[in-house]
Amino acid sequence: MADARVFADSTRPPNRLQAGIISKIRLENFMCHSNLEIDFGDWVNFITGQNGSGKSAILTALCVAFGSRARGTQRANTLKDFIKTGCSYAVVQVEMKNHGEDAFKPEIFGDVIIVDRRISESTSSITLKNSRGRRVATKKEDLREIIEHFNIDVENPCVIMSQDKSREFLHSGNAKDKFKFFFKATLLQQVDDLLKGIEKQLNDATALVNHLEETLRPILKELDELQEKIRSMEFVEEISQQLQLLKKKLAWSWVYEADRKLDAQQKNIEKLKGRVPTCQEKIDEQKLVIEKFCDQLSKKKDQVANIMESTSEARRMKEDLKQSLSMALKEKLELEGERERRSNDIQKMVRQVNVLEQQIHDFHEQHVRSSQVEENEMEERLRSLQVKLDEVNANWNRLKEEEDAIIQTVTMIENEVEKISSQIEDAERSHRDVSSRIRELQMHQTNKVTAFGGDRVSNLLQAIERHHRRFSSPPIGPIGAHVKLEHGDMWSIAIESAVGRLLNAFIVTNHKDSLVLRACAREANYNHLQIIIYDFSRPRINIPRHMLPQTSNPTAFSIMISDNPTVLNVLVDVGNCERQVLVKDYDVGKTVAFEQRISNLKEVYTSDGYKMFSRGSAQTILPPNKNIRAGRLCGSFDNQIKHLEKDALEAKEHIQQGRGIKRSKETELKNLRDKLSSLKRRRINVERDCRSKEFELQDVKKLISSEETSAPSSTVDELHQEISKLKDRIRDREILVEKLQIDVNEAAVKAKDFRISFENLCESAKSEIDMLAETEKELMMIETTLHEAETKKKHFEQVMNTRVLSDLKNAEAKYRELEQNCKEDRNKASIICPESEIEALGGCKESSPEQLSAQVTRWSQKLQRESQRFSESIDDLRMLYEKKERRISRKQQTYKAFREKLEACDKALQLRWSKFERNATLLKRQLTWQFNGHLKKKGISGQIRVNYEEQTLSVEVKMPQDASASSVRDTRGLSGGERSFSTLCFALALHEMTEAPFRAMDEFDVFMDAVSRKISLDAIVDFALAQGSQWIFITPHDIGMVKHDERIKKQQMAAPRG
């Protein structure tokens, strides 16, 4: 109360903003008023008057002017109900001040904003005017912008409290009514309604997305049906592909047939050519004999002629040799004289050079004597620099050699590390493969069924169990789970090669069950399941002995054991396992398949997987399949697992060992690289030092050279030039002397040879006459033998031309014809398909053209029959499927994006809810603090308890100790004055938490006695003056007890007319 007195006694109003307060209101034909104009003060305004004088119409007009709906005022259902009876329109005009920093668009409206609302029978309009009365705007959005700027919420009971709201909230003892008042006054209700509206919109949007996703289910079903139809038509496509393949093979089979004929003709030609060498050998033999005796004959003739001539020419040759010897001696003497002359010239030139060098030496001595000291110092400095440079060069060469050696070592170690890394990767890959195989075998060991299809089989069996009532008889499968082997370790690979494709298959008794099983397979995601339809009621087939292969080796059927006769019947009727013979090794298999001609034999399989069979004259051997899954029918997987675990352990040890070596090599490599880096730095420093020394040495040499050139260099240069010319001439003469010496030596050798020949000629002339007679006798014998050899040669040449070459020429002509035909067939076949494609498909060399033609005819008829079942092409169906799949994929992506956005919105909404709950808690605490602060003015304490779950608000008041020692939870237990004061404190606490430029209260003191009214009026006036905003109080009671203040304006309404 002390604070209230301070505010009441204050004569100077506090400095406050003037924007948003009501300065005037004018009503025309509104409710009971024909024309009413009221001016309001900036602080506290009291309006009194008798009941029916139209006081409450002022607050209703304020609500209508600021955009409130008719139902929001609780005075009418529509706006036209506010028009005074007998009038056609109503006008509400409110003037607001627009001063200070919070002014709204002062450049447009000026100091005053006029809100003019006109209501007629059919419509209503809003006009916003400036301080001069000119129209500025006419839209509700502009009014809403002003309301939001000044924070005017006329539906908030703390801004405008009508008499209905006053009775509902202030004078009601109901906790829920108080909660509604608090919830609405603090704007929590507005936020709560907004969040709930957003939550409803999110739920509606989520339901819409769910509905849209549900609409996709029929389309997905259509896609599945279309895919099933495509699978059915793929069989026709496979037949067409098989027919095309057979046509390609047929085209190339004609080529291979022509190749075989060409090879046969080539062999015939080779055979005929084999006769040519025999005949030619005999001809060549006679030719050699003839050549041999011809050579002997010519030699003997030459020998006879030589002997005959030797006697007559012996003297002539003697004279010639004598003359040649004298000429050679003369030439030798002339060359020796020339050599002597040239040597003398060289000696003269050498003497001239010595004289010139002596002159140069004299010049130098004369110059040296003048600058001996400087030259000694420069030479000493030059020697010192040269020694240092040599040391630096030696150090640089040593560092360079060490660097090159380390680089070579680094390269070698890097190659080793790369090789080790490759080995480690190979070992890790092998270890992963072995580990995967071990896990697979362990899974098979736990559940044998998984060996025949993996987890898909387990899922399929579970689906069959769920839908077992739909089957007429339970399916049997997989077949491999119902079969055991005798000596499984020996024959497991052979059985896999023989009937492995059947071991994953399932058996059903009719077509209906196959469709049900196919649906179960789709449910288990088991595509391309092999389904065999077989009558379960048939007994086990008893195969007669004469229908089995007549051999001592076992058949595939004889070593397979099964308790189910249907499984055995399928293996016989579908797999033909009773005609598949098993052998231990490759050689025995070839003997059984191709040499023994065993009846009822279809195929032979070796224990290591080779497949052998013959079709007509063609014999075929197929190697083992690398991807074969051996061991599925073994009795136990322990041995395989142990062996694989051993391999895995060895691979792991190899990996660890390799990693250890790699780490050591990498460490060594790092050390070498560090050392190399250090060497490079040292070498660069030494190289820089070397260059500096070289530059310094060059400078010294240039200095010495410049000092030397200061001597009489012109004369010395001339002498040097003359010496150089003389030395060039000396070198030329020396080369010439060397050539002359070579010629002298050659002349001496020639003279010696002539002397030896002359001496031999003199000795040989005596024996030549005796040899002449013996040589003529040998000549006659050689001529007789030569004639006989020529006769034999002519005979063999006649045989070669008339018999051998004629047959060979005919055979080669036929070969060329066949070769041309083969080339044409090959070109035609290449147009159809390349040969590499046929070789990739297994080739067709073992099949004849006739066999392939018959197969093409059968497959064509089969394709024609199957094609008649379908009117549409598979390409059209695939295009339709892809089109629908793209369309539904786009929709799914769109719906997924919608759902993600909705989830983000829901997350944001939950965050807003959490903030809302936190703010609600803070407002509850703030309300209690403000309420307690107002109660303390009378020495009373209290508390406000708000329960958001139950939507209740209770007020607890504790009176002073002399009055009551306990809290009063129900304000009805208080006296009238205490209850009015506590209710007023509650209202003021809410007002203190609400911001607005003006506030209005209607009939707030209706249910108070005089004392309570006095206390309440003093408290509320003090609060209004202290709070600072504009207040408008409307009451039917006398306000004479209200204290006087220049900030308090009192007005009384005229009494209603009778």
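**Exercises on backbone geometry, rings and strands**

Asn29 is buried, at a relative accessible area of 11% (buried means under 20%, exposed over 50%, partly exposed in between, with a 1.4 Å probe and protein chains only). The model is predicted, so local features need pLDDT of at least 70 and side-chain atom pairs count only at pLDDT 80 or more, while totals for chains, interfaces and linings use all residues. Residues are numbered from 1 along each chain as its sequence is written, and side-chain values use heavy atoms, with hydrogens and water left out.

**Exercise 1.** Describe the backbone at Asn29 and Arg597, and state whether Arg597 is buried or exposed.

Solution.
- Most residues other than glycine have a negative phi, and most peptide bonds are trans.
- Asn29 has a positive phi, near 55°, and belongs to strand S1 (residues 22-30). Helices (H or I, at least four residues) and strands (E, at least two) are DSSP runs, numbered from the N terminus.
- Arg597 is not a glycine either, and its phi is positive at about 55°. Arg597 is in the loop between helix H14 (586-595) and strand S14 (603-606).
- With a relative accessibility of 70%, Arg597 is exposed.

**Exercise 2.** Find the cis peptide bond that involves Pro478 and place Pro478 in the fold.

Solution.
- The cis bond joins Gly477 and Pro478, with omega about -10°.
- Pro478 is in the loop between helix H9 (455-466) and strand S9 (484-485).

**Exercise 3.** How many aromatic pairs does the whole structure hold, and how is the pair of Phe104 and Phe109 arranged?

Solution.
- The search finds seven aromatic pairs.
- Phe104 and Phe109 make a tilted pair, 5.8 Å centre to centre with 40° between the planes. Rings of Phe, Tyr and Trp (its six-membered ring) pair if their centres lie within 6.5 Å; planes under 30 degrees apart count as stacked, over 60 as edge-to-face and the rest as tilted.
- Both Phe104 and Phe109 are buried.
- Ring pairs also link Phe46, Trp1031 and Phe1033 into a cluster.

**Exercise 4.** Which strands pair with S5, and in which sense?

Solution.
- Two strands pair if DSSP finds at least two bridges between them.
- Strand S4 (residues 89-97) pairs with strand S5 (residues 112-120) in the antiparallel sense, over nine bridges. Here Met96 is opposite Ile113 in S5.
- S5 also pairs with strand S6 (residues 124-129), antiparallel over six bridges, and Arg117 is opposite Ile126 in S6.
- S5 and S6 form a hairpin with three residues between them.
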